[in-house]
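The following questions and answers address a single protein chain. Each answer works from the geometry to the value or name requested.

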Amino acid sequence: MVTVETFAPRWAIGLMSGTSLDGIDAALIESDGERVTAIGPALTVPYPPTFRAAIYGTLGERGDAETIARVETEITRLHGEAVMHLMNASGMAPEDIAVVGFHGQTIAHRPEQRYTRQLGNGAQLANTVKVPVVFDLRSADVQAGGQGAPLVPVFHAALAEGLERPLAVLNIGGVANVTLLSDDHDLLAFDTGPGNALIDDWMHRHTGTPQDADGAAAAAGTIHRDALTKMISHPWFSAPPPKSLDRDAFMSAFSHLEGLSLEDGAATLSAFTALSVARAASLMPVLPKRWLVCGGGRNNPTLMRLLNEELGVPVEAVEEEGWHGDALEAQAFGFLALRHLRGLPLTFPGTTGCPQPMTGGRLVLPEAVN
């Protein structure tokens, strides 16, 4: 363990493959685990469509153990390729990187059962890239009674140092989550509800395409208020934070959309995401003056318009502050890996409901691989 006193800023690579199942984000970040001292290049490696389907087939731990193991091996191999591409593109060698933060691919998240599972073999990755790897970043929190999510709030706080508060940072991936930064309250974060996942699945069911590009289908549709009211009436939306979701937690929403056109279904699901964020705001101890949005959802103009209408304050992409919205979560996992090396907490009572600030993750060295 590196002591706090001797830990100078170091370069780390963070890796993220989110609930949208679209691919791997890899990003370089320099930090001491408390402050962000430099941001390096980032890249995205899309999953091939056939492999995306294979991952989808393991969600909820569907499929036999052998199939899941094959998917995990391939996920890890692809993450290794992403690390190597990023190091080559940035002119860095393995010895220039202190650690890789490896989130893996979530296929099950049931914190009420103290269980979460992310596919990704840390030892395989460390052996491939010849860099220490910190992985399995959620399990310790979940096993202690926390939600295990979201993990990025402490990174949001570091990035947003000096910005006017109260400020909300909203990540819209497959699931959406928010961090509230306030001078008068402890760090607060929780999942708000569905992000892009339901919209993506609706589009895939009806068109075979993986998303509503530019929110075009939703923009052409009509929101069905009866269906929206039924979906938002789920008791989860009024439950107090901290709370987190599995990607497929609201698949029952499709039962309320039977008979709707492609466009009307997309419009109603987009409104569902926006309204769930507004419900989340109502659970906060103070209302944000501004929302900064990262994740794929910020690229959907229809969704951003709906958020502005529901929240009534500025809602802007994080690029307005010079942040890299596509790389933010990957950067966060590099930051968290550096915090792991210092023994600093990753999660807090206000972000996951854990009993006290908690460290997390497991470190594996390349030499430890058989």
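Q: Leaving aside neighbours within four places in sequence, with which residues is V45 in contact?
A: In this predicted model, V45 is found in strand β3, which covers residues 36-46. Once the neighbours within four places in sequence are left aside, the contacts of V45 are G23, I24 and A82.

Q: Is V45 buried, partly exposed or exposed?
A: Buried residues have under 20% relative accessible area and exposed ones over 50%. The relative accessible area of V45 is 22%, so V45 is partly exposed.

Q: What distance separates the C-alpha atoms of V45 and G353?
A: Along the chain, V45 and G353 are 308 residues apart. In space, their C-alpha atoms are separated by 33 Å.

Q: Which residues does D246 contact, leaving aside its neighbours within four places in sequence?
A: D246 is found in the loop between α8 (225-232) and α9. At 22% relative accessibility, D246 counts as partly exposed. Outside its neighbours within four places in sequence, D246 is in contact with I107, A108, H109 and V175.

Q: How far apart in space are D246 and E316, C-alpha to C-alpha?
A: The two residues are 70 residues apart in sequence. From C-alpha to C-alpha, D246 and E316 are 26 Å apart in space.

Q: Which residues does V315 touch, not counting those up to four places away in sequence?
A: V315 has its place in strand β11, residues 315-317. With a relative accessible area of 8%, V315 is buried. Not counting residues up to four places away in sequence, V315 touches W291, V293, M304, L307 and N308.

Q: What is the C-alpha to C-alpha distance between V315 and K289?
A: In sequence, V315 and K289 are 26 residues apart. In space, C-alpha to C-alpha, the distance is 9.4 Å.

Q: What distance lies between the end C-alpha atoms of helix α9?
A: Helix α9 comprises the 21 residues 262-282. At 1.5 Å a residue, these should span 30 Å. The end C-alpha atoms agree with that expectation, being apart by 31 Å.

Q: How many of the 21 residues of α9 are buried?
A: Residues count as buried under 20% relative accessible area. Helix α9 is largely enclosed by the rest of the structure, because the buried residues among its 21 number 17.

Q: Is α6 roughly parallel or roughly antiparallel to α9?
A: Helix α6 (residues 197-207) and α9 pack with their axes 9 Å apart, at an angle of about 170 degrees. Angles over 145 degrees count as roughly antiparallel. Therefore α6 is, relative to α9, roughly antiparallel.

Q: How do the residues of the contact of α6 with α9 divide into nonpolar, polar and charged?
A: From α6, the contact is made by L198, I199, W202, M203, H206 and T207. From α9, the contact is made by L262, G265, A266, L269, S270, F272 and T273. The residues of this contact divide into eight nonpolar, five polar and no charged.

Q: How far does helix α11 reach from its first C-alpha to its last?
A: Helix α11 (residues 328-342) has 15 residues, and 14 of the 15 are buried, so that α11 is mostly covered. At 1.5 Å a residue, the expected reach is 21 Å. From its first C-alpha to its last, α11 reaches 21 Å.

Q: Which residue just after α11 takes a positive phi?
A: The phi value concerned is about 75 degrees. The residue that takes this positive phi just after α11 is G343.

Q: What is omega for the cis peptide bond that joins A149 and P150?
A: P150 has its place in the loop between α4 (139-143) and α5 (153-159). The peptide bond that joins A149 and P150 is cis, with omega about -10 degrees.

Q: What is omega for the cis peptide bond from R165 to P166?
A: P166 is found in the loop between α5 and β7 (167-172). The peptide bond from R165 to P166 is cis, and its omega is near 0 degrees.

Q: Where is E61, whose phi is positive, placed?
A: E61 is a residue other than glycine, and its phi is near 65 degrees, a positive value. The place of E61 is in the loop between α1 (49-56) and α2 (65-90).

How values were computed
Residues are numbered from 1 along each chain as its sequence is written. This is a predicted model: local features need pLDDT of at least 70, side-chain atom pairs count only at pLDDT 80 or more; totals for chains, interfaces and linings use all residues. Side-chain values use heavy atoms; hydrogens and water are left out. Helices (H or I, at least four residues) and strands (E, at least two) are DSSP runs, numbered from the N terminus. The expected span of a helix is 1.5 Å times one less than its number of residues. Buried means under 20% relative accessible area, exposed over 50%, partly exposed in between (1.4 Å probe, protein chains only). Axes are lines fitted to C-alpha atoms, for helices over the stretch in contact, and angles run from 0 to 180 degrees between N-to-C directions. Angles under 35 degrees count as roughly parallel, over 145 as roughly antiparallel, 65 to 115 as roughly perpendicular and the rest as oblique. Contact means heavy atoms within 4.5 Å. Ala, Val, Leu, Ile, Met, Phe, Trp, Tyr, Cys and Pro count as nonpolar, Asp, Glu, Lys and Arg as charged, and the others, Gly among them, as polar.
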